[in-house]
Amino acid sequence: MMEITSSSNNKCKYIKSLSQKKTRQKYGEYFVEGIKSVSDALKSTKTVTALYVSFTFYEQESFEYPDDIPVYKTADDVFVKMCDTKAPQGILAVIKKEDGKDFEASLSYDYIYCDHINDPGNLGTIIRSADAAGFGAVLLSQGCADLYSPKTVRSSMGSFFNIEVVTDVAYDKLKKYKEKGFSLFGGALADDTIDYRDADFTNPSVIIVGNEANGISEELLKMCRKVKIPILGNAESLNAGVAASILMYELVRQRS
């Protein structure tokens, strides 16, 4: 097991730089922090390229380290500087990105499509809810929040490693899914919008959730059945992650 004792170490600098999207894009890697996230990553099909642990974690925590992955024992003060969280648990994993995979939707599953969701916390919440609701995958348009940002991964609470997330899914793909037999539902306010509880989610469906500020694009609205979640108080709207979760669980309710 190799040791790192200085923040000027190149590996330490590299991990810190992975907090930036441009570095993740350049090197095709990202990192996750914490015992649960690292354990979930190791159990998944993701390619973990390295583990970093603080001296204190290594000495005090019982953790099963894989034989085929490099482990770097890191001085506590150096480890803190590498992390994105303010109070790290003492372990992180570096993982290869998986962008650009071929994906084809199956009528045996339902899907949720994120149209320019900007907030990584909302994106992580949607991934978590889709996993909990048993959806087949989360589909992301171009321009969504970075799937591999530390906040997205943390907000998903491990679901990031349980459900497939497909990036850069073009609107044309949704047209093909509709032709294939999927019903498309989008949360929106318009003259022909219906209460989400009156919508028929019993067929294979794609639920579309729009940008936090601007909603679903006009091009997508023309393709989908528009549904609304009633606002009973004084709030102008619901958080995108909450709205997506409500719609997904209405689908689950109708199927049960």
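The legends below describe close-up views of a predicted model.

**Figure 1. The whole chain, with 10 helices and 12 strands.** Taken along the principal axes, the C-alpha atoms fill a box of roughly 65 × 40 × 35 Å. Of the 256 residues in this predicted chain, 50% count as buried. Contacts between residues at least 6 apart in sequence were also sorted by separation: 76% of them join residues at least 24 apart.

**Figure 2. An open sheet of 5 strands with mixed pairing.** The strand order in this sheet is 1-4-3-5-2. Strand 1 (2-4) and strand 2 (29-33) stand at the edges; each has a single partner strand, so one side of each lacks a neighbour in the sheet. From one strand to the next, the twist averages 25°. Helix 3 (residues 35-43) packs on the sheet and touches strand 2, strand 3 (48-54) and strand 5. The direction of helix 3 makes about 35° with that of strand 5.

**Figure 3. Pairing of strand 2 with strand 5.** Strand 2 and strand 5 (residues 91-96) run antiparallel and are joined by 5 bridges. Within this pairing, Glu 33 has Leu 92 of strand 5 as its bridge partner.

**Figure 4. Strand 3 and the strands paired with it.** Strand 3 is mostly covered, with 6 of its 7 residues buried. With strand 5, strand 3 runs antiparallel, and 5 bridges join the two. Val 53 stands opposite Ile 91 in strand 5. With strand 4 (residues 71-74), strand 3 pairs in the parallel sense over 4 bridges. Here Leu 51 stands opposite Val 71 in strand 4.

**Figure 5. Asp 115 in the loop between strand 6 (111-114) and helix 6 (120-132).** Asp 115 is buried yet has no salt bridge. The nearest side chain of opposite charge, that of Lys 226, is 13 Å away, whereas a salt bridge requires the charged atoms to be within 4 Å. The side chain of Asp 115 does make polar contacts: one of 2.8 Å with the side chain of His 116, and one of 2.6 Å with the side chain of Tyr 171. Leaving aside neighbours within four places in sequence, the residues in contact with Asp 115 include Ser 141, Tyr 171, Ile 208, Val 209 and Gly 210. Asn 211, Gly 215, Ile 216, Ser 217 and Leu 220 are also among the contacts of Asp 115.

**Figure 6. Ser 19 in the loop between helix 1 (10-17) and helix 2 (21-27).** Ser 19 counts as partly exposed because its relative accessibility is 24%, and the partly exposed class lies between the buried limit of under 20% and the exposed limit of over 50%. Beyond its neighbours within four places in sequence, Ser 19 is in contact with Arg 24, Phe 31 and Asp 84. Lys 96 is 77 residues from Ser 19 along the chain, and the C-alpha atoms of the two are separated by 14 Å.

**Figure 7. Ile 229 in the loop between strand 12 (225-228) and helix 10 (240-255).** Ile 229 and Tyr 196 are 33 residues apart along the chain, with their C-alpha atoms separated by 5.9 Å. Tyr 196 is also in contact with Ile 229. Neighbours within four places in sequence again left aside, the other residues in contact with Ile 229 are Leu 238, Ala 243, Ile 246 and Leu 247.

Key:
Residues numbered from 1 in each chain as written. Predicted model: local features only at pLDDT ≥ 70, side-chain atom pairs only at ≥ 80, totals over all residues. Heavy atoms only, no water. Buried < 20%, exposed > 50% of the residue type's maximum accessible area, 1.4 Å probe, protein only. Lys, Arg positive; Asp, Glu negative; His and termini not counted. Polar contact = N/O pair within 3.5 Å; in protein donor to acceptor, adjacent residues only side chain to side chain. Contact = heavy atoms within 4.5 Å. Pairing = 2+ DSSP bridges. Axes fitted to C-alpha atoms, helices over the stretch in contact; angles between N-to-C directions.
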